[in-house]
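Thank you all for coming. I would like to walk you through one model this morning, so please look at the screen with me.

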Amino acid sequence: MKRVAHPGLVSVEDLYVHFPLHSAFMKRSRDVVRAVDGVSLGIEPGETLGLVGESGCGKTTLGWSVLKLVRPTAGRVLFDGTDLSQLTGRPLRRFRRHMQLIFQDPYGSLNPRMTVYNIVGEAMRVHGIVKSRKAQRERVASLLETVGLRSDFIYRYPHELSGGQRQRIGIARALALEPRFLVADEPLSALDVSIQAQIVNLMKDLQEKLKISMLFITHDLKMVKFLSHTIAVMYLGRIVEKAPADELFLHPLHPYTRALMEAIPVPDPLSKWQPTPLKGEIPSPIHPPTGCNFRTRCPHVFELCERADPHLLEAKAGHLVACHLVKEPEEPTS
Amino acid sequence: MTQEASESVLRIEGLRVVIKRGRRKNAVVDGVDLSIGRGEVLGLVGESGCGKTMTALSILRLVPDPPMEISSGRILFGGRDLLKLSASGIRKVRGREISMIFQEPMSALNPVHTCGRQVMEVFQVHKGLSRHHARTRTIELFEMVGIPAASTRINAYPHELSGGMLQRVMVAMAIVCRPPLIIADEPTTALDVTIQAQVLELLVKLRSDFGTSLLFITHDLGIVAQLANRISIMYAGQIVEEGPVTEIFSTPVHPYTLGLLDSVPRLDEIAEGQSRLRAIGGVAPEPGALTTGCRFADRCEFVFERCRSEVPELFTYGEGRRTRCFLVDEAATMRISQEAP
Ligand SMILES: Nc1ncnc2c1ncn2[C@@H]1O[C@H](COP(=O)(O)OP(=O)(O)OP(=O)(O)O)[C@@H](O)[C@H]1O
Ligand SMILES: Nc1ncnc2c1ncn2[C@@H]1O[C@H](COP(=O)(O)OP(=O)(O)OP(=O)(O)O)[C@@H](O)[C@H]1O
Ligand SMILES: [Mg+2]
Ligand SMILES: [Mg+2]
């Protein structure tokens, strides 16, 4: 890479995104949804950061705000050292080309009046990557092939596709510009395991060949382990644990991370899968609990958890966790 | 848990759904037979684009027409053929006797109404509840499916909820009337595994409390293994294999099933630096493509001459197993019948 690797290609600094809330009578109440509530992260060139976490904990909102598709309430995002919030117009568009998003909701994110040819090819033409219609058609067809679709899909409209086919159009569109940074928001959720494997292999290749950096949002813990260098676990707007992928799976420290790993359904009908379900109330991002925000569901909750908010501390080299159970940095953890 | 055919709640026979293009009609669902017993969970899995959603939509007669059309078959439910009901007849079945959790919640929810209002409406229309009661019940349901701050969130519009919350709204809507059959098309893809476990538990409870049957479409073989009694595997518009879940996982026969099970990564096998996951090579043929033989032949590692010249039937053998593959016809039938007690 030409640029210095420090402080990373993407750097998120103390980011907050709060949404105003409607009351029953359509007036705005003073309550807000604390979708992202103080997140800092860095992603190096060629690094994939896996982001897992509770449904509704703010992953999509975080991804969108990194790409400047949602305006943060506070904090900033640097791309290649540039604060994107300061940019508008053409300079912003120049950056945009290098940052792409695979949307979680393919249904809502594909223009229903455009054919696949235009959905996938338009940006290439706008950015002058292809010079002729013929070149565009060839490039679109080859992109479709890499996501496992026949080239005759070029002439289809989004409503003429199955859920998983739409999802793959979203992937092809995001890859068309060979971005330097990709936010992939649940890119595999509508695909069968074989096509998942195919797409994940493709992403791995791109990672290695083009040194793409990626924020990979998923509920699939196997895929996140396979594809990520580092994994961050999010809960109620915050990062509660972050570690290198293998380390996280070997030594999960946060009780929420452990619960996640236990709840993965086992693909074997003879092995009894009985996750001890997390009891207790699922907290709301509108009125988060005092102290530790996981305490309402935590099996190990004790008196301190209600009083004090655990900070994200380095439990051991490279392994951060926010939990009162985890001892001071130097002491060995059990 | 194999069910007697007489007990079945739903029976689909010879279902064919075609896309009309000019004078050509290409089948996206091509002769599908399925049956679901009372209190049974049937897992329907298969390649993306193989026709699972269209099969499910056919049951409620919701396939997009045009360009699609149910060209033949019967769908027997509660002593009637759903395909023969009048428009108002099938409307009464929807939601009340059979409900559906749609694959893409945004396609099923109205963006200009709050989620709460849309669930309340089901209570008001189908259950005749007053506005006030409907509201209370909706909040209860939202809590049951794990939507936090339910009493506030019923005022949220679809775009204000996360993907997983919308899925839970869909689940809530589907269980309002406690219908005897729920069709769930990928209902938990946007849920983290802890909430997923909670939603699955809720569905299992409906089954044990009310004998609810479930047609569960999913790509997650872990869920199928844990939840389903039987599995049907679809490929290019047809059922290619079916049987009790334990048997399909222990002795899969159809090469597509083998490839699919082989593609499931196991958490403990994913090691640092591993660079590839296994996948089935090639792509499925286009619906309606002229094939003289087996539709999987081009991708099959066991292909032999007969597969290219003759179309395999769905062979039935053992206890409720069906496979569309000549391997069964030739050798496996003998082996399996010898092994069977
Ligand atoms: N436009 C909006 N207005 C109000 N609230 C919003 C808006 N967008 C998101 N939210 C809320 O912000 C929180 C975080 O949502 P987000 O979509 O980021 O979650 P997520 O982690 O991606 O969840 P999932 O895994 O279910 O997709 C949720 O409580 C959601 O309801
Ligand atoms: N309007 C249409 N015109 C042409 N083909 C269509 C149309 N709608 C759907 N199809 C095709 O019908 C086939 C079956 O679609 P269906 O939605 O049933 O697939 P699926 O098995 O549910 O896939 P997924 O797992 O990706 O959701 C797909 O190959 C799709 O491309
Ligand atoms: Mg999301
Ligand atoms: Mg589908």
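A polar side-chain atom of B:Ser48 sits 2.8 Å from an oxygen atom of ligand 2, a polar contact, by which I mean a pair of N or O atoms within 3.5 Å, where a pair within protein must also join a possible hydrogen donor to an acceptor, and sequence neighbours count only through side-chain atoms on both sides. B:Gln103 likewise places a polar side-chain atom 2.9 Å from an oxygen atom of ligand 2, whereas B:Met54 comes to 2.9 Å of a ligand 2 oxygen atom with a backbone N or O atom. Taken alone, ligand 2 exposes 650 Å², and the protein buries 97% of that (Shrake-Rupley areas, 1.4 Å probe; for residues, only the protein chains shown count as cover).

Please keep in mind that this is a predicted model, in which local features need pLDDT of at least 70 and side-chain atom pairs count only at 80 or more, while totals for chains, interfaces and linings use all residues. Side-chain values use heavy atoms, without hydrogens or water, residues are numbered from 1 along each chain as written, and chains are lettered from A and ligands numbered from 1 in written order.

Which chains surround ligand 2? Residues from chains A and B do, so the site is shared between chains; the shell holds 22 residues, with A:Ser162 and B:Gly49 among the closest (a heavy atom within 4 Å).

As for confidence, chain B has a mean pLDDT of 89, and 93% of its residues reach 70 or more, pLDDT being the predictor's confidence in each residue, from 0 to 100. For the complex, the predictor gives an ipTM of 0.88 and a pTM of 0.91.
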